[in-house]
Amino acid sequence: MRVLISELPADFEPDHLIEALEHFAPVAGFSVIRDGNPDRPVVLVKFEGTASTVSNIALRLNDHLLLGHTVKAHVLMHE
């Protein structure tokens, strides 16, 4: 399942974000979306695990400090 993460800094390093996310669960895939407003990128992260596990990861990530910013995280229910 995938998690949408927003409120990241515009100039974040993807490798640093993946490293931070690996503390929550193994990352199976990752894509950065800068279309629309490049100053407010969003990231789609595919985590390994069950729906319940990924939902719990999103709950833990929501309002969590990552790369100096408090991020928002939402589970994408459809693949």
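The following dialogue goes through a predicted model and asks what stands behind the terms used for it.

Student: Why is the contact between Glu7 and Arg40 called a salt bridge?

Tutor: The term requires a side-chain nitrogen of Lys or Arg within 4 Å of a carboxyl oxygen of Asp or Glu. For the side chains of Glu7 and Arg40 the N to O distance is 2.6 Å, so the pair qualifies under the 4 Å limit.

Student: What does the pair Glu7 and Arg40 tie together?

Tutor: Glu7 sits in the loop between β1 (2-6) and α1 (14-21), and Arg40 in the loop between β2 (27-33) and β3 (42-47), so the salt bridge links parts that are 33 residues apart in sequence.

Student: How do you know that Glu7 counts as partly exposed?

Tutor: Buried means under 20% relative accessible area and exposed means over 50%. Glu7 has 34%, and Arg40 has 48%. Both values lie in between, so both residues are called partly exposed.

Student: How many salt bridges does the rule give?

Tutor: The count is 2. Besides Glu7 with Arg40, Asp63 forms one with Lys72, where the closest N and O atoms are 2.5 Å apart. That distance is within 4 Å, so the rule is met. Asp63 is partly exposed at 46%, and Lys72 is partly exposed at 32%. Asp63 follows α2 and has a positive phi, near 65°.

Student: Which residues have the most contacts inside the largest nonpolar core?

Tutor: They are Ile5, Leu21, Phe47 and Leu61, in a core of 21 residues. At least two core residues come from each of β1, α1, β3 and α2 (51-61). The most come from α2, which gives 4. In soluble globular proteins, nonpolar side chains tend to be buried together.

Student: What is Leu61 in contact with, leaving aside its neighbours within four places in sequence?

Tutor: Leu61 contacts Ile5, Leu21, Phe24, Phe47, Leu66, Val71 and Ala73.

Student: What puts the buried residues of α2 on the same side of the helix?

Tutor: The buried residues of α2 are Val54, Ile57, Ala58 and Leu61. Around the axis they cover an arc of only 100°, so they are on the same side of α2. Among the elements that cover these buried residues are β1, α1, β3, β4 (65-66) and β6 (72-76).

Student: How do you know that β1 and β3 pair?

Tutor: Pairing needs at least two bridges between the strands. Between β1 and β3 there are 4, in the antiparallel sense, so the requirement is met. One residue of this pairing is Ile5, which stands opposite Val43 in β3. The strands β1 and β6 are joined by 5 bridges and also run antiparallel. There, Arg2 stands opposite Leu76, and Ala73 is the bridge partner of Ile5.

Student: What makes β2 and β6 edge strands?

Tutor: The open sheet has 4 strands in the order β2-β3-β1-β6, with antiparallel pairing. Each of β2 and β6 pairs on one side only, and that makes them the edges. On average, neighbouring strands of the sheet are turned by 20° against each other, direction ignored.

Student: Which strands of the sheet do α1 and α2 touch?

Tutor: α1 packs on the sheet and touches β1, β2 and β3, with its direction at about 140° to that of β2. α2 also packs on the sheet, touching β1, β3 and β6, and its direction makes about 165° with that of β6.

How values were computed: Residues are numbered from 1 along each chain as its sequence is written. This is a predicted model: local features need pLDDT of at least 70, side-chain atom pairs count only at pLDDT 80 or more; totals for chains, interfaces and linings use all residues. Side-chain values use heavy atoms; hydrogens and water are left out. Buried means under 20% relative accessible area, exposed over 50%, partly exposed in between (1.4 Å probe, protein chains only). A nonpolar core is a set of buried Ala, Val, Leu, Ile, Met, Phe, Trp, Tyr and Cys residues joined through side-chain atoms within 4.5 Å. Contact means heavy atoms within 4.5 Å. The arc is that of the directions from the helix axis to the C-beta atoms. Axes are lines fitted to C-alpha atoms, for helices over the stretch in contact, and angles run from 0 to 180 degrees between N-to-C directions.
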